[in-house]
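Here is a short report on how strands pair and where cysteines sit. Keep the model in view as you read.

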Amino acid sequence: MIEPVQIRVNGKTVRVPGEIVVAAAIALAGNTRFRRSVLGESRGPLCGMGICMECRVTINGQPHCRSCQTLCEEGMEVRTDE
């Protein structure tokens, strides 16, 4: 059985099933906006394959990470463009 992991999403501690993608963990944390477009519109995952780039977030200080392609790891810090 895969053990749950604890991550932080925008400063909020969230316990999620291990080995799920960050995009799913962000949604479980209750966030619907992952980033903003250049016009300020809300954006979130669209393709789920890492092609559309709408799911980009900052993970452990690294900007522009594709949250739909990154697995959650214990202690991970995730920031969306709230």
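Strands β1 and β2 pair antiparallel over five bridges. Strands here are DSSP runs (E, at least two residues), numbered from the N terminus, and two strands pair if DSSP finds at least two bridges between them. R8 has T13 in β2 as its bridge partner. The hairpin of β1 and β2 has two residues between the strands, and N10 takes a positive phi near 55 degrees there.

This is a predicted model: local features need pLDDT of at least 70, side-chain atom pairs count only at pLDDT 80 or more, and totals for chains, interfaces and linings use all residues. Residues are numbered from 1 along each chain as its sequence is written, and side-chain values use heavy atoms, with hydrogens and water left out.

β1 (residues 5-9) also joins β7 (residues 77-79) through two bridges, and these strands run parallel. V9 stands opposite V78 in β7.

The wider sheet is open and mixed, with five strands in the order β2-β1-β7-β5-β6. β2 (12-16) and β6 (62-66) are at the edges with a single partner strand each, so one side of each has no neighbour in the sheet.

Now the cysteines. The structure holds zero disulfides (a pair of cysteine sulfur atoms within 2.5 Å). Buried means under 20% relative accessible area (1.4 Å probe, protein chains only).

| Cysteine | Nearest cysteine sulfur | Relative accessible area |
|---|---|---|
| C55 | C68, 3.6 Å | 2%, buried |
| C65 | C55, 9.7 Å | 16%, buried |

The sulfur of C65 is too far from that of C55 for a bond.

Technical notes. Helix = DSSP H or I, 4+ residues; strand = E, 2+ residues; numbered from the N terminus. Buried < 20%, exposed > 50% of the residue type's maximum accessible area, 1.4 Å probe, protein only.
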